[in-house]
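Thanks, everyone, for making the time. I would like to walk you through one model this morning, starting with its aromatic rings and then moving to its strands.

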Amino acid sequence: ASCAITYDTLDGKEHFEEAKRATRHLVTVCIPKYAEMLCAREYSQSLCDGLGIDLTTELHDQGIGIRHLDGPPTWSDVAHLAGDYSIFFNESCIRTKHDLREEISHGTEVLLGDTYYTIVETEKRKITATKLPLEDLYTGLSQRGLPARAGLLKEELDCEDVRTVLLAEMVARTLKGLL
């Protein structure tokens with residue numbers, strides 16, 4: 001862990017950078033994958049019974065602390081992106097005329113036509129005003145003028161009940177800490 005005591009050690013900055021990388025991986029990879037699994041699952045128990053989700057065990061198994069969720073999750077929020085987008089053969093980016101640096105981040109799933117593409121930002125390949133770097137090289141036919149949607153999950157799933165259960169768990173843990 002990174003704290004004031006370890007930061008001043010010889011390898012303190014290295015530990016700090018490792019903690020940043022681990023947190024980014026948790027927020028951009030682990031939590032969205034877990035969210036997609038939760039939202040796609042069929043539940044037989046009622047919302048009053050928390051849908052039967054054992055959050056303590058499941059979050060622990062995934063290596064996720066509920067404090068990492070940052071409020072009621074908006075995993076199912078899928079934004080329709082303004083403008084048209086292009087993707088070209090043998091390139092590893094989506095081209096745009098709209099600056100999406102505020103809307104798109106590492107790990108975002110972008111739907112062009114009927115295909116999802118994962119945005120992967122690295123030190124050398126940054127999200128720019130005109131390019132969204134992709135995880136893989138595109139080998140299909142070049143396409144122009146495509147509409148786009150973006151979000152943390154690949155599917156537009158109904159996550160409202162799961163959000164309610166998670167929010168109830170957060171409230172219960174907060175009240176437990178106060179009492």
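**Aromatic rings and strand pairing**

Under the rule that rings of Phe, Tyr and Trp (its six-membered ring) pair if their centres lie within 6.5 Å, with planes under 30 degrees apart counted as stacked, over 60 as edge-to-face and the rest as tilted, the count comes to 1 aromatic pair. That pair is formed by Tyr117 and Tyr138, edge-to-face, at 6.1 Å centre to centre and with 70° between the planes. It links distant parts of the chain, since Tyr117 lies in strand S4 and Tyr138 in strand S5, 21 residues apart; strands here are DSSP runs of E, at least two residues, numbered from the N terminus, while helices are runs of H or I of at least four.

Before going on, I should say that this is a predicted model, in which local features need pLDDT of at least 70 and side-chain atom pairs count only at pLDDT 80 or more, whereas totals for chains, interfaces and linings use all residues. Residues are numbered from 1 along each chain as its sequence is written, and side-chain values use heavy atoms, with hydrogens and water left out.

Are the two tyrosines, Tyr117 and Tyr138, buried or exposed? Buried means under 20% relative accessible area, exposed over 50%, and partly exposed in between, with a 1.4 Å probe and protein chains only. Tyr117 has 13% relative accessibility and therefore counts as buried, and Tyr138, at 10%, counts as buried too.

Tyr117 also brings us to strand S3, as it is the bridge partner, in S4, of Val110. S3, residues 109–112, and S4, residues 115–118, pair in the antiparallel sense over 4 bridges, where pairing requires that DSSP finds at least two bridges between two strands. The two form a hairpin with 2 residues between them, and Gly113 in the turn has a positive phi of about 60°.

S3 is also joined by 4 bridges to strand S6, residues 143–151, again running antiparallel, and there the partner of Leu112 is Ala148. In a regular strand the side chains alternate between the two faces of the sheet. In S3 both faces are covered, with Glu109 and Leu111 buried on one side and Val110 and Leu112 buried on the other.

Finally, Ser86, in strand S1, residues 79–87, counts as buried because its relative accessibility is 13%. Leaving aside residues up to four places away in sequence, Ser86 touches Cys93, Ile94, Arg95, Gln143, Arg144 and Gly145, contact meaning heavy atoms within 4.5 Å.
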